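Colleague: Could you walk me through how to read a few features of this model? I'd like the general idea first and then the case at hand.

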Amino acid sequence: MKNTKPKINMKYIEEKDTIDIEENVEYIRISNYEIKENIKGIEFNSCIFEKVDFSKVKVEKVDFIDCIFNKCDLSNIDLSERLILRCEFNDCKLIGAKFVSTSLQNLLFHNCLMNYSNFNNSRIKEVEFNNTKLKDSTFIEVNHNKLEFNSCDLENSELFKTKLKDVDLSTSTIEGILVNTNDLRGCYVNSYQATLLIRGFGINIKDE
């Protein structure tokens with residue numbers, strides 16, 4: 001997607017060894033850093049995180065705008081009811097991440113580990129998942145526009161009450177997904193996936 005790139009003016013980026021999380025953070029690059037204090041009620045804008053570990057702290061009421069995450073650990077992060085705008089996640093761990101009722105706009109998740117993630121009731125606009133593991137994740141009652149899954153693992157994920165019209169699942173693994181027949185209208189699957197879905201709905205296939 002053309003609009004997923006973070007809009008960062010690199011000439012303003014400053015290398016940092018630590019993060020002051022008492023106020024909004026902007027225009028920094030930080031590498032090989034473990035965040036040890038809980039983060040609450042701030043905004044990260046135009047930041048680059050390289051091998052930063054967010055997994056050992058509690059994150060509350062935090063927005064990320066125009067940020068890049070490379071090889072970071074954001075496992076179990078709770079970004080519910082927040083705004084994540086024009087961000088890029090590359091080779092990151094987001095196991096068990098919560099995006100409940102979150103506004104997700106113009107995002108790229110590339111080669112990420114996101115099993116057990118929760119996107120329920122989220123609002124998705126131009127979000128692309130590439131080569132990303134989303135096993136046992138939930139996408140229930142998601143309102144989306146331009147949602148892409150490219151070579152992803154959606155095994156055993158739940159997609160109830162999420163209309164999949166125009167969503168291409170043909171390159172992804174969908175064994176065991178839980179979905180309503182009406183929500184599949186207009187989506188794209190390959191012939192093998194079509195057979196799986198038919199069998200999942202209790203329909204027996206009989207060839208002459």
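**Cysteines, strands and charged pairs**

Modeller: Gladly! Let's start with the cysteines: the count of disulfides comes to 0. Keep in mind that this is a predicted model.

Colleague: What is a disulfide in general?

Modeller: A disulfide is a covalent bond joining the sulfur atoms of two cysteines. Here the cut-off is a sulfur pair within 2.5 Å.

Colleague: How far from C112 is the nearest cysteine sulfur?

Modeller: That sulfur belongs to C92 and lies 4.9 Å away, and C112 is in no disulfide. C112 counts as buried because its relative accessibility is 3%, and buried means under 20%.

Colleague: And which cysteine has the sulfur nearest to that of C187?

Modeller: That is C152, at 15 Å, and C187 is in no disulfide either. With a relative accessible area of 17%, C187 is buried.

Colleague: Let's move to the strands. Is strand 10 largely enclosed or largely open?

Modeller: Strand 10 covers residues 103-110, and 6 of its 8 residues are buried, so the rest of the structure largely encloses it.

Colleague: Which strands pair with strand 10?

Modeller: Let's take the partners in turn. Strand 8, residues 83-85, runs parallel to strand 10 and is joined to it by 3 bridges. Strand 9, residues 88-90, is also parallel to strand 10, with 3 bridges between them. Strand 11, residues 123-130, pairs with strand 10 in the parallel sense over 7 bridges.

Colleague: Which residues could I pick out to follow that pairing on screen?

Modeller: Try Q105 in strand 10, which is the bridge partner of L85. Q105 also has a bridge partner in strand 11, namely K125. For strand 9, look at N90, which stands opposite H110 of strand 10.

Colleague: Now the charged side chains. How many salt bridges does a search of the whole structure find?

Modeller: The search finds 11 salt bridges. A pair counts when a side-chain nitrogen of Lys or Arg is within 4 Å of a carboxyl oxygen of Asp or Glu.

Colleague: Which residue forms a salt bridge with K5?

Modeller: E88 does, with 3.5 Å between the closest N and O atoms. This pair links distant parts of the chain, 83 residues apart: K5 sits in the segment before strand 1, and E88 in strand 9. K5 is exposed at a relative accessible area of 53%, whereas E88 is buried at 11%.

Colleague: Which side chain meets R82 in a salt bridge?

Modeller: That of D63, with an N to O distance of 3.1 Å. R82 lies in the loop between strand 7 and strand 8, while D63 belongs to strand 6, and the two are 19 residues apart. R82 is partly exposed, with a relative accessible area of 23%, and D63 is buried, with 15%.

Colleague: Where in the chain do the partners K135 and E155 lie?

Modeller: K135 is in the loop between strand 11 and strand 12, and E155 is in the loop between strand 12 and helix 1, 20 residues apart. Their closest N and O atoms are 3.8 Å apart. K135 is partly exposed at 29% relative accessible area, and E155 is partly exposed at 26%.

Colleague: Which residues are joined into one network by salt bridges that share partners?

Modeller: E15, R29 and E50 are joined in that way.

Terms used:
Residues numbered from 1 in each chain as written. Predicted model: local features only at pLDDT ≥ 70, side-chain atom pairs only at ≥ 80, totals over all residues. Heavy atoms only, no water. Buried < 20%, exposed > 50% of the residue type's maximum accessible area, 1.4 Å probe, protein only. Helix = DSSP H or I, 4+ residues; strand = E, 2+ residues; numbered from the N terminus. Pairing = 2+ DSSP bridges.
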